[in-house]
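Reader: I have a new structure open and don't know where to begin. Can you walk me through it?

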Amino acid sequence: MTGLLTNGTFFFPGPTEVRPEVLRAMTLPMIPHRGPQFESVFARLTASLQLVFATSRPVYVCSSSATGLMEGAIRCAPAGRVLSLVNGAFSARFAAAARACERDMDVLEVPWGEAVDPDVVRSKLASTQYAAVTVVHSETSTGALTDIRAVTAAAHEHGAVCLVDSVTGIGAAELLFDAWGLDFVLTGSQKALALPPGLAFAVASAEFVQGARAQRDRGLYFDVVEFDAYAAKNQTPNTPAIPLFFAADLQLAAIVAETVQVRWARHAAMAQRTYEWVDALRSRHGDALHVLAPEGRRTPSVTTITLPTSLTAGKVLRAVSERGYTIGSGYGKNKETTVRIGHMGDHTMEGLERCLAACDAAFDALIV
Ligand SMILES: *Cc1c(COP(=O)(O)O)cnc(C)c1O
């Protein structure tokens, strides 16, 4: 098993590296989930999550992966047509969820790598009546960051709600739920929050929950009305993944101690350092090698690097792995033509420097 110990070498864009003490918290004995001990864990955890989402609304904790809450968001959204903004693989999944829930829907395609332009959304919304818009804050497949405050404002101008996937945004990139007037934001445990996979978190505005009550086919497991009622009692609607709650309780306390603002700044600094490294690498590998997302539209949590045609993701990953580090291949249609460095979660600048040194040596060894 020792070969599997990561110790700052796992720069995968999700799941991300989890600190050993957070992993150990999952071995605590079980407690009843209807009782004061669990309720105090829930209360502490969700109070910390409120600081992370910058909200005074309750934060729902769901024992599922993030996709579950994408489906929940769709099913609880007001009746009517859905507009899905698609600029990568995860925003395509959000669109797929709307389709699978049999919503009347349209897709607004944006080239992979680019962020969604709020003005383009605005003109689309002016042409057709929509009840809800789906958007991904930080597109983990391409590394693009969309201005969800502006997209939500555009949706509101046209009477639609905005459903936001911030799975690699929350904890890494600024997001102010209350101040930005957002409707629904979801995230997952295994990305910038540096927890094991298996929990998903969401915040819904009071108006969104009120609107959901009028929706007849909300289903059961991902129903925000249920989450809202149980959160008021510091409970979950059904048996939660208690070991993951223990891990989250410990990790969120550490995030609050760091402060979410410092965490955002740490992610921004790691991302900036990665762009500088890519620029330096270009001087040796040619201009075809570049950061996929345009400057100013990049997520601080993951950098997607387009490879020159002489390289494949498989070759790069192997060479990096031989030097002790794990990074990600591309995702979806960019699987072999890009690689992704996940500089999110609890990684430090010192750890990133070591990872980039290993990547540097790997790339140079591959020059033909
Ligand atoms: C990882 C990820 C998801 C999917 O999360 P699951 O936990 O696998 O369901 C959705 N959206 C984005 C942006 C992601 O990075």
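**Helix H5 and the whole protein**

Author: Start with helix H5, residues 118-127, where Pro118, Val121 and Leu125 are buried. Bear in mind that this is a predicted model.

Reader: Why are those three on the same side of H5?

Author: Their directions span an arc of only 55° around the axis, so they share one side of H5. An α-helix has 3.6 residues a turn, so residues three or four places apart point the same way.

Reader: Which exposed residues does the face turned away from the buried side of H5 carry?

Author: Ala126 and Ser127.

Reader: And what do the buried residues of H5 pack against?

Author: Three strands and a helix: E2 (82-86), E3 (105-109), E4 (132-136) and H6 (148-157).

Reader: OK, zooming out. How many helices and strands does the protein have?

Author: There are 12 helices and 13 strands.

Reader: What is the radius of gyration, next to that of a compact globule?

Author: The protein has 20 Å, which agrees with the value near 21 Å for a compact globule of 368 residues. Along the principal axes, the C-alpha atoms fill a box of roughly 65 × 55 × 30 Å.

Reader: What share of the residues is buried?

Author: Of the 368 residues, 55% are buried.

Reader: What about the exposed surface, how much of it comes from carbon and sulfur?

Author: About 14,600 Å² is exposed, and carbon and sulfur atoms supply 55% of that area.

Reader: Last one: how far apart are the mean positions of the positive and negative charges?

Author: They are 4 Å apart, for 32 positive and 36 negative charges.

Key:
Residues are numbered from 1 along each chain as its sequence is written. This is a predicted model: local features need pLDDT of at least 70, side-chain atom pairs count only at pLDDT 80 or more; totals for chains, interfaces and linings use all residues. Side-chain values use heavy atoms; hydrogens and water are left out. Helices (H or I, at least four residues) and strands (E, at least two) are DSSP runs, numbered from the N terminus. The radius of gyration is taken over C-alpha atoms; the globule rule is 2.2 Å times the number of residues to the power 0.38. Buried means under 20% relative accessible area, exposed over 50%, partly exposed in between (1.4 Å probe, protein chains only). Accessible areas come from the Shrake-Rupley method with a 1.4 Å probe; for residues, only the protein chains shown count as cover. Lys and Arg count as positive and Asp and Glu as negative; His and the chain ends are not counted. The place of a charge is taken as NZ of Lys, CZ of Arg, CG of Asp or CD of Glu. The arc is that of the directions from the helix axis to the C-beta atoms. Contact means heavy atoms within 4.5 Å.
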